[in-house]
Structures are given as structure tokens and as C-alpha cells.
Amino acid sequence: MNAQQINLVQESLKKIIPNAEVVANLFYKKLFELDPALKPLFKSDMQEQGRKLMQMIATAVNALNNLDALLPVAQALGARHGAYGVKDKDYDTVGEALLWTLATGLGKEFTPPVREAWTQTYMLLAGVMKDSAKSSA
């Protein structure tokens, strides 16, 4: 990822954070629509889960300029998700739901460069998380 992509992700996140609860609800609705088999992986209150999701996304996006600090957090998150039963293929579904949610939330501001920047961000973090889950198994 380059500095311009990081900036695009960080600036676009600022536009959806004021509606974080709605965004999280959209994300989970789409995720479970894409793969209903994922729903049992979520055992806690979904509003709380949505808050955690948005907090983690904000933390990760705000740390994109400091990968040395971000990568250990992503590794720990990946290990936890592996223990919850998340499979590699599930990351593809999550990525699809995330990009759909961002497109919905940002509308015309979800330009091809913004989409590519978010795709690169997600691929980076998902790759670290998957590798961590495998090494923790």
C-alpha cells in the first residue's frame, strides 16, 4: 500500500464512522446473506459485536501508517478468529461484505481508487490474520 491509498482509506472511514452502528448492521446483514452458515460463529450480542467491529476497523485504519504496531494486533486477532472456527474461505466472504457495505455507505464517493485502496487494506490484514490462525492451530 502506498501513502495515497492509506489516505483514501483513512478519509473514507471518517465519512462512515458517524453512522457506525448502521454500517455495522449493514455489514452483518450482508455477511449472513452471503453465508448464513457464519451466523453461529457470533455468539455475543450483535450490537456489541458491531461496536467491536467498527472499533477494530478504526484502529486498524488509523494504524496503517505504523505497520510495526498494527501487525501484532492483526496477528492476535487472527489467532482468536482461528480459535472461533473461522476458515480461510470465510475471509473472502467477509471481504465481499465489507466492500459492499463501504460501497453502500459511501455511495458515489466509493470510487475505483477508494475501492482498490480498501481492497489492498483488507487483503493485507486478512493475509496476516489467516497466517496467524494457521500458525496458532
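# Helix packing, ring pairs and selected residues

In this predicted model, F32 has a relative accessible area of 13%, which falls under the 20% cut-off, and F32 therefore counts as buried. F32 also belongs to a cluster in which ring pairs link it with F27, Y28 and F42. The points below take up that cluster, then two contacts made by helix α1, and then four single residues with their surroundings.

**Aromatic rings**

- When rings of Phe, Tyr and Trp are paired wherever their centres lie within 6.5 Å, the count for this model comes to four aromatic pairs.
- One of these pairs is made by Y28 and F42, whose ring centres are 5.3 Å apart; because their planes stand at 75°, and anything over 60 degrees counts as edge-to-face, the pair is classed as edge-to-face.
- This pair joins distant parts of the chain, since Y28 lies in helix α2 (residues 20–34) while F42 lies in the loop between α2 and α3 (46–62), with their positions 14 residues apart.
- Y28, at a relative accessible area of 6%, is buried, whereas F42, at 25%, counts as partly exposed because this value lies between the cut-offs of 20% and 50%.
- F42 also pairs with F32, again in an edge-to-face arrangement, with 5.5 Å from centre to centre and 70° between the planes.
- The pair of F32 and F42 likewise links distant parts of the chain, with F32 in helix α2 and F42 in the loop between α2 and α3, ten residues apart.

**Helix α1 against helix α5**

- Helix α1 (residues 3–16) packs with helix α5 (residues 88–106) at an angle of about 65°, and the two axes are 10 Å apart.
- Because angles from 65 to 115 degrees count as roughly perpendicular, α1 and α5 are described as roughly perpendicular to each other.
- The crossing of α1 past α5 is left-handed.
- On the α1 side, the contact is made by S12, K15 and I16, and on the α5 side by L102, G105 and L106.
- Sorted by class, the residues of this contact between α1 and α5 are three nonpolar, two polar and one charged.

**Helix α1 against helix α3**

- With α3, helix α1 packs at an angle of about 150°, and here the axes are 10 Å apart.
- An angle over 145 degrees counts as roughly antiparallel, so α1 is roughly antiparallel to α3.
- In passing α3, α1 makes a left-handed crossing.
- The residues that make the contact are V9, Q10, L13 and I16 from α1, together with M54, I57, A58, V61 and N62 from α3.
- By class, the contact of α1 with α3 contains seven nonpolar residues, two polar residues and no charged ones.

**Single residues and their surroundings**

- Q10 lies in helix α1, and its relative accessible area of 15% is under the 20% cut-off, so Q10 counts as buried.
- Setting aside neighbours within four places in sequence, Q10 is in contact with V61, N62, L64 and N65.
- T121 has its place in helix α6 (residues 112–136), where it counts as buried at 3% relative accessibility.
- Once neighbours within four places in sequence are set aside, the contacts of T121 are with M1, V9 and L64.
- L67 is part of helix α4 (residues 67–84), and its relative accessibility of 34% makes it partly exposed.
- Neighbours within four places in sequence aside, L67 is in contact with P72 and L124.
- L34 is found in helix α2 and, with a relative accessible area of 30%, is partly exposed.
- Although L34 and A97 are 63 residues apart along the chain, their C-alpha atoms are separated by 7.7 Å.
- Leaving out neighbours within four places in sequence, L34 is in contact with A97 as well as with T93 and E96.

Terms used. Residues numbered from 1 in each chain as written. Predicted model: local features only at pLDDT ≥ 70, side-chain atom pairs only at ≥ 80, totals over all residues. Heavy atoms only, no water. Axes fitted to C-alpha atoms, helices over the stretch in contact; angles between N-to-C directions. Helix = DSSP H or I, 4+ residues; strand = E, 2+ residues; numbered from the N terminus. Parallel < 35°, antiparallel > 145°, perpendicular 65-115°, else oblique. Left-handed = near helix turned anticlockwise from the far one by under 90°. Contact = heavy atoms within 4.5 Å. Nonpolar A, V, L, I, M, F, W, Y, C, P; charged D, E, K, R; others polar. Phe/Tyr/Trp six-rings, centres within 6.5 Å; stacked < 30°, edge-to-face > 60°. Buried < 20%, exposed > 50% of the residue type's maximum accessible area, 1.4 Å probe, protein only.
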